[in-house]
Amino acid sequence: MKTLNFSDQQVTQIVSDLQSSQGDYSHLMKIFLEAMMNAEREVHNQANFDKSNGYRPRRAFGGGRVMELRVPRTRYGSFYPVLLNVLKDQQAEMERLSFSLYTAGLTTEQIGDIFDDIYGKHYSKQRVSQMMDFAREEIQAWLERPLDAYYPILYIDCTFVAVRRDAMVRKEAFYTVLGVRSDRTREVLSVVNAPTESSTGWQQIVQQLYLRGVKQVGLVVSDGLKGIEDAIAAVYGSVAHQLCVVHLKRALDRKVHLKDRPALQADLKTVFTLDDPMDSPQKGYQRFAEFLNHWSNKYKAFAYLKHEPRYMLYFTYLAFDRNIRSMIYSTNWIERLNRDYKRVLRMRGALPNPDAAILLLGQVALSRKAYDRKIPKLNHDIKNFNWTE
């Protein structure tokens, strides 16, 4: 093979002429890539006593255009250009990019339009959806992974998402379980869909957790869904259960006129205290009974609450160290996750099916970097929890 020696000025002029004649850089990139692979084959042949054996086609993207590359082959088939790894990584990068754009709120149609601008090739909604198959498999595997045998605290709650089912759009329940691990980090254990929220549904969810390895729980924090404490106890026995105080305050707020709400909330602050180390669930419940007696003089609805023993579960937090009460007296931690869910969902309409919702919610839950940080003060309570530190 004859070697031609060009000066830098001549090479510059050749490149300039080629670019002018082709109108874009994709043709130059094609020449450059093929030349590199041919040169790599020459080195391979000399080192391995192999011989060139034609070319095979391979598509790639560059300069906003699809390039049809001629990938060199050898007789013994042992040659694999380094550049092919780069092109393979490019495809994987496109798949990751499509999923990142989707979880950021773009539709599959919008992602196809963006790829058209970037890569010069149009992708249909179906093709973009297929590109995200790797993400579906990854999320599903994560949601089915084995879990720790012991979680000091579980926070459980439902969020509702508009999904299409049987040609109709309805808001369906998506059950989420957030666990605090014994090293004081957090992780989402489960995201499961059901048409509605119910205590029976929660019993099935925690039964699945048990089968995935969760044999012991120190405390469960939930909203006040009727029967939810019995559903948890059916799986984990007499586990401590805290009903969300914030939910209760909101419910009580709705029982009085607007003008009475400031006074009501002021009274509730004296009922649900946090800092007294000598406080107890029994003392808290007694304050609540006095609160109900006071407000039932004006609103009869409060009188009926005095005969509901499950309200004792709103004061479970007082049996724990005062340094952690603000972390366990409500479902605030999982409510923050729900807000992140809604931030992603807000930018799109109804999702095409429940699986699409699971994909989005699972990705949000999986990517919460804040959950990797240890929560301070939790290990102040060594009476009720076992911390591995």
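This tour moves through a predicted model, from a mixed sheet to the helices beside it and then to a few single residues.

**The sheet**

Begin by selecting the five strands that form an open sheet in the order β5-β4-β3-β6-β7, in which the pairing is mixed. The edge strands are β5 and β7, the latter spanning residues 240-243, and each of them pairs on one side only. Averaged over the sheet and with direction ignored, neighbouring strands are turned by 25° against each other.

Next, select β3, residues 150-165, a strand that is mostly covered, since twelve of its 16 residues are buried. On one side, β3 pairs with β6 (residues 216-222) in the parallel sense, over five bridges, and a place to look for this pairing is Tyr151, whose bridge partner in β6 is Val217. With β4 (residues 168-180), by contrast, β3 pairs in the antiparallel sense, over 13 bridges; here Ile156 can be selected together with Val177 of β4, which stands opposite.

Stay on Val177 and step across to β5, where Ser190 stands opposite Val177. The pairing of β4 and β5 is antiparallel and runs over eight bridges.

**The turn between β3 and β4**

Now follow β3 to its end, where β3 and β4 form a hairpin with two residues between them, and where Asp166 in the turn has a positive phi of about 55°. Select Ala167 as well, which is found in the loop between β3 and β4 and has a positive phi of about 65° although it is not a glycine. Most residues other than glycine have a negative phi. Is Ala167 buried or exposed? With a relative accessible area of 68%, Ala167 lies above the 50% cut-off and therefore counts as exposed.

**Helices α7 and α8**

Select helix α7, residues 199-211, together with α8 (residues 228-236). The two helices pack at an angle of about 25°, with their axes 8 Å apart; because angles under 35 degrees count as roughly parallel, α7 and α8 are described in that way. Their crossing is right-handed. To display the contact, select Ser199, Trp202, Gln203, Val206, Gln207, Leu209 and Tyr210 on α7, and Ile228, Ala231, Ile232, Ala234, Val235 and Tyr236 on α8.

Before leaving α7, bring the sheet back into view, with attention to β4 and β5, which pair in the antiparallel sense. Helix α7 packs on this sheet, touching β3, β4 and β5, and its direction makes about 45° with that of β4.

**Tyr236**

From the contact between the helices, pick out Tyr236, which lies in α8 and is buried, with a relative accessible area of 11%. Which residues surround it, once the neighbours of Tyr236 within four places in sequence are left aside? Tyr236 is in contact with Val206, Leu209, Tyr210, Val214, Lys215, Gln216 and Val217. For Val206, the C-alpha atom is 8.5 Å from that of Tyr236, although the two residues are 30 residues apart in sequence. Also select the backbone oxygen of Val214, which lies 2.8 Å from a polar atom of the side chain of Tyr236. Val217, another residue in contact with Tyr236, was already visited in β6 as the bridge partner of Tyr151.

**Ser182**

Move next to Ser182, in the loop between β4 and β5. What relative accessibility does Ser182 have? The value is 14%, so Ser182 counts as buried. Apart from neighbours within four places in sequence, Ser182 is in contact with Tyr150, Pro152, Asn386, Trp387 and Thr388, and it is worth displaying these five residue names together with the loop.

**Thr103 and Lys377**

Leave the sheet and select helix α3, residues 82-103, in which Thr103 is found. Thr103 is buried, its relative accessible area being 14%. With neighbours within four places in sequence set aside, Thr103 is in contact with Val344, Leu360 and Gln363. Of these contacts, measure out Gln363 in the viewer: the C-alpha atoms of Thr103 and Gln363 are separated by 7.4 Å, while the residues are 260 residues apart along the chain.

End at Lys377, in the segment after α15 (354-366). Phi of Lys377 is near 75°, a positive value in a residue other than glycine, and Lys377 is partly exposed, with a relative accessible area of 44%.

Key:
Residues are numbered from 1 along each chain as its sequence is written. This is a predicted model: local features need pLDDT of at least 70, side-chain atom pairs count only at pLDDT 80 or more; totals for chains, interfaces and linings use all residues. Side-chain values use heavy atoms; hydrogens and water are left out. Helices (H or I, at least four residues) and strands (E, at least two) are DSSP runs, numbered from the N terminus. Buried means under 20% relative accessible area, exposed over 50%, partly exposed in between (1.4 Å probe, protein chains only). Contact means heavy atoms within 4.5 Å. A polar contact is a pair of N or O atoms within 3.5 Å; within protein, one must be able to donate a hydrogen and the other to accept it, and residues adjacent in sequence count only if both atoms are side-chain atoms. Two strands pair if DSSP finds at least two bridges between them. Axes are lines fitted to C-alpha atoms, for helices over the stretch in contact, and angles run from 0 to 180 degrees between N-to-C directions. Angles under 35 degrees count as roughly parallel, over 145 as roughly antiparallel, 65 to 115 as roughly perpendicular and the rest as oblique. A crossing is left-handed if the near helix is turned anticlockwise from the far one by less than a right angle, and right-handed if clockwise.
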